[in-house]
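Subject: Structure handover

Hello,

Here is the structure for your files. My notes on its cysteines, cores and surface follow below.

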Amino acid sequence: MPPATGTAGTRIVPARLAPPAWRSRPGLVITVAALLGLGLRVFQLTRPGYLLGFTQYDDGVYIGNSLRLVNGVIPYRDFAMVQPPGSMLLMVPAALGGKVFGSAWALAASRILTVGADTANVVLVGLLVRHRGPLAAGVASGCYAVYPAALNASQSLFLEPWLNLFCLLGSVLLFDGDYLAGHRAGPGEHGSRRAFWAGVCFGFGAAVKIWAAIPALLAWLLCLSGRLRARRKRGAGQLSHERGVPAGRPSRLALPFAGGFGVGIAVPCLPFLALAPNGFGRTVFFSELVQATHGRVGANPRLADITGIIGLSSVGVNPKIWAGTTAAGVLFLFVVVAWLRAWRAGSRATPLDWFALISTFVVVGMLFSPSEWYVHYAAFAGPFLVSLIALAAARFLTARRPRPVKPGKRDKPEKRDKPRKARGRGRVAVGVFAALLVAAMGAADGYAVTTLYPARNLSAAGALIPPGACVLTDTAAATVVIGRFTARSPGCPAIVDTVGTLIATTDGKDFVAGPGVLQADTRVWQQAFEHAQYVWLIGNNGYTGARIAWTPALHAYFEAHFRLIGLPSSSLGVGNVPRGGLYLRR
C-alpha cells in the first residue's frame, strides 16, 4: 500500500481520543456525582411538607391511578386516564403499601422512588459516556445531577424521571462504547440480545410517556443505517478497520430492537386496551395528540428551562429571552468547535456521537410543540443534552492531530512534561470548583422553589371528613395526603384526574370546544355529584371553573344539594362557578 502522505517512509497514525489528564477513574467520578445528585434531591424532600404534604396537582393523579387500580377500579373504563399505564404500574408497589399504611404513605413512597430513579439517571448517563474517560463521565453525571429541570421533576412523582430512566437504560444496552452493541462480532458478543432488551426499555418508556418513541425511533434508524453502511462497504470490498470502524461483521440490530420495543409497549398496554378499547385509544392517543389549550406558552420559559438558565433565578438573576438564547448559542458553538477540532485531528464522529447530537436537536425541537409548558417537561432533554456536552468536551480537550511515524517503529504515547501535568491539575481544580459552585446554586434553587411554593397544611380537612367517607374532589392529591382518597361505601365516584376527564370527554379540545362538546364533561360531574357525600373544590388558585365545565343547571343542582362547611377559598364564586371549599350534602 502506498504511504498516506507524499513523504516516503512515513505513515499517518489516525488520531485517537487521548486519555484525559485526570488521574481519577470514571467510576469514582460517577459515584461522586451520584452522591451529589442524591443529596440535592433528598434535600428537597426534607423541606416541610414535601414528603407527606400537598405540594401540587400531578403527583396526586399519578399515585391516585395506582390506588384505584389496586382497589379493583379499571382505568380508561371506570375513570378517565390520559397517560399510558406505565407510570401507574410502576407505582403499584407503593399503592399496595398504601392499602396497609394509608394513601399518604403511598404518596411519600412514590416520591422516594422517584428520587431513586432520577439518581439512577445520574449514574446511567455517566455510564453511557464513561469509555471517553473521567472528564466525559464527570461532565455528563455532574451536569445531570444539578440540572434544574431534573431537580424540579424529582421533587415529587412526575413522569420525566421515569421516562429518562428507561431511555437511558435502553441507550446503555444499545451502545457498547462508541458503537452499537455487537460491533466486534466476536465470541460472547450478544448484539441482537442487547438490542432486543434496549428496545424493551424504550418501549416501556413509551408506556410511561409517549415522548420516548422519539429517541426510540432515532435509535432504530441508527441500527438500520449501520446495517446498510456495512452492506455497502462489503459490496465495495472495503474493510471496516480501514475506515476507522471496529472490525467484525455487524449484527442485525434493527429487527430485534423493533421487536423489543413492541414487547415493551404492548405488555403493559394490551390488557387495558382489551378491557377498555374505546377509552384507552381515545384518551391515551387521540385526546392527547389533539389537545388544545387556552393559549401558547412562548419561547422564553422553554429556553430558560432547557438550557438551565432558570436555575440562576435563585441567586437573583431574572432569566430573559436573550439569556436563554445566548446559553443555547454558547452550547451549540461549543459542540461545533469540538467536532471541528476532532475532525481536523482526524477523528470521525461515532454512532454514539450522532445519536446524542440528533436526539438533542429532535427532543428540544419537540419540546417547543406542546401549547402548555411546565418546568419538568425540560427534564426530558437533560440526558441527551448533557451526553452531547460531555462527548463534545472529551473531543475538545483530548483530540490530537495525526503525527507521522517511521515504518517499523511502534506508536508510543507522548511523554507528558511538567507543563502538561500542571495544566491537567489546573483543569481538575477548575472542574472541582465549577462543580461545587453549580451544586451550591442547585441547592439554592431547590430551597428557593420549595420556599416559593410551600406545602399546604390540610389537617383541618382531615378533622372535618370522617375516615371512609365518600369524597369527590377536583384535586386528588388533597384527599391522598389526608387519607380520604378511598371510600368504604360502594358506588363512590372514581374520578381521579379532573383535567384528564375534561380532555377525555371533549376529545382533547377542553374549554376551546363549544357548549355542545362540553356537555359531556358536565354530565360526568352531574352523575358524580349525585353519588358524593362530600365535595371538595380546590381549583386552580382557588378558581373552581378551571377544570370543570360548569353550566347553570349543574351549578343550580350543586347549590341545592351541598352546603359549604369549611376551607373556603379566597376566590369567590362567579356566575355559574361556585366558591372553592369543602361541601357536605344537605
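A disulfide is counted where a pair of cysteine sulfur atoms lies within 2.5 Å. The model is a predicted one, and by this rule it has 1 disulfide. Cys470 and Cys492 form the pair, with their sulfur atoms 2.1 Å apart. The torsion about their S-S bond is about 90°, so the disulfide is right-handed. The bond links distant parts of the chain, 22 residues apart. Cys470 sits in the loop between helix 18 (459–464) and strand 5 (471–473), and Cys492 in the loop between helix 19 (476–481) and helix 20 (498–505). Cys470 is buried, at 4% relative accessibility, whereas Cys492 is partly exposed, at 23%.

Cys167 is in no disulfide; the nearest cysteine sulfur belongs to Cys201 and is 9.5 Å away. Cys167 is buried, with a relative accessible area of 3%. Cys143 is partly exposed, at 32%.

On the interior: the largest nonpolar core has 122 residues, and Ile63, Leu174 and Trp536 touch the most other members. Helix 16 (residues 382–398) supplies the largest share of this core, 10 residues. There is also a second, separate core of 16 residues, with Leu472, Ile495, Phe529 and Leu554 among them.

On the surface: Phe332, Val336, Leu340, Trp343 and Phe361 make a nonpolar patch of about 540 Å². Helix 14 (residues 321–344) gives the most to this patch, with 4 residues. Phe332 lies in helix 14 and is partly exposed, with a relative accessible area of 46%.

Regards

Note on methods. Residues numbered from 1 in each chain as written. Predicted model: local features only at pLDDT ≥ 70, side-chain atom pairs only at ≥ 80, totals over all residues. Heavy atoms only, no water. Patch = residues over 30% accessible without salt bridge, like charges linked within 9 Å, V, L, I, M, F, W, Y side chains within 5 Å. Areas by Shrake-Rupley, 256 points an atom, 1.4 Å probe, with all protein chains shown as cover. Salt bridge = Lys/Arg side-chain N within 4 Å of Asp/Glu carboxyl O. Helix = DSSP H or I, 4+ residues; strand = E, 2+ residues; numbered from the N terminus. Buried < 20%, exposed > 50% of the residue type's maximum accessible area, 1.4 Å probe, protein only. Core = buried A, V, L, I, M, F, W, Y, C linked by side-chain atoms within 4.5 Å.
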